[in-house]
Amino acid sequence: MLDRLNEAMEYIEAHLDQEVDTAELARIAVTSEYHFRRLFSALAGMPLSEYLRRRRLTLAGAEVLAGEHTLLDVAVRHGYGSGEAFARAFRAMHGVGPGEARRSGAVLVSQPRMSFRLVVEGSSSMEYRVIERPALRIVGRRARVPLVHEGVNPAIAAFVQGLGRAEIDRITALSEQEPEGIVAVTEFFSDSREEGVPLDYYHAVVTGAESEAPADLDVRELPAGTWAVFANSGPYPRALQELWRDVFTQWFPSNPYEFRHGPEILRVRPDGDRAEAELWIPVVRVAQ
């Protein structure tokens with residue numbers, strides 16, 4: 001899988017002066033376009049679109065300093081329809097406009113070419129199981145919150161605190177399917193996982209698809225399918241956030257599965273400043 005991802009990166013470099021076909025990148029990586037975007041974002045730490053923008057502006061910066069072409073020619077070559085749009089993007093990355101950079105020989109920012117490799121460490125071994133589940137329901141309370149990569153998510157913490165103990169106990173009593181008890185359910189609406197992207201967060205339980213749900217609670221129907229279930233324990237919440245990272249940067253590249261559209265379910269059992277967790281990720285097996 002990593003060899004195929006690196007072939008896709010070579011394709012990107014060869015086509016930075018034109019529109020990069022994401023479908024072709026997915027074909028090279030032998031995966032779906034949606035999964036390629038998600039996998040790239042998890043591995044690279046930025047969305048594919050941001051990487052393409054930064055690589056193009058890196059090359060454009062070198063051309064600006066070289067002075068062999070007009071600024072408009074450089075802008076058009078790198079996909080900008082006007083000098084003004086190019087100048088705004090250039091300044092946003094490099095901290096200086098292209099004209100000033102050319103006149104003064106300013107110090108510019110460089111986005112290096114990326115390549116991927118798998119690093120296996122004994123301390124980061126992963127426990128997982130793959131199971132088939134019938135259609136399910138998520139039942140609880142939902143909020144739209146921004147993604148936070150490290151530390152406690154203040155929007156989620158405020159949302160849960162606002163529910164109150166009685167409401168949480170009422171929701172907990174509805175639990176009837178594994179994972180049992182209150183779970184944290186997240187559903188993304190972007191291919192990327194950059195800091196601040198919006199997501200739906202449910203403080204909820206899992207029930208059967210036919211179970212009745214109180215009319216005042218939020219419900220998310222989950223179709224039958226395959227789930228990869230990962231377990232770990234460690235400092236809270238750092239170990240849980242690292243688990244999410246490791247699933248997408250280590251497990252997916254080395255196993256014959258890809259992400260299936262749908263919410264991700266996290267069950268956490270805190271114990272002081274540590275916690276035991278199970279992370280349920282919807283997956284589909286891919287042909288080898």
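Which residues have the most contacts inside the largest nonpolar core? In this predicted model, local features need pLDDT of at least 70 and side-chain atom pairs count only at pLDDT 80 or more, whereas totals for chains, interfaces and linings use all residues. Residues are numbered from 1 along each chain as its sequence is written, and side-chain values use heavy atoms, with hydrogens and water left out.

The largest nonpolar core (buried Ala, Val, Leu, Ile, Met, Phe, Trp, Tyr and Cys residues joined through side-chain atoms within 4.5 Å) comprises 58 residues, and I12, F252 and I281 are those with the most contacts inside it. Beyond residues up to four places away in sequence, F252 touches H35, L39, V247, Y257, E258, F259, I281 and V283, a contact being heavy atoms within 4.5 Å.

L147 is found in the loop between strand 2 (136–146) and helix 8 (154–163), helices (H or I, at least four residues) and strands (E, at least two) being DSSP runs numbered from the N terminus. L147 counts as buried because its relative accessibility is 14%, buried meaning under 20% relative accessible area with a 1.4 Å probe and protein chains only.

The largest pocket (on a 1 Å grid over the protein atoms alone, an open set of points where a 1.4 Å probe fits, with protein on both sides within 12 Å along at least five of seven lines) has a volume of about 1,300 Å³, taken as the space filled by probe spheres set on the points, which are joined across faces, edges and corners. Its lining, of residues with an atom within 4 Å of a point, numbers 39 residues, with V148, G151, L240, Q241 and W244 nearest the centre. Helix 10 gives the most to this lining, with seven residues.

Terms used:
Buried < 20%, exposed > 50% of the residue type's maximum accessible area, 1.4 Å probe, protein only.
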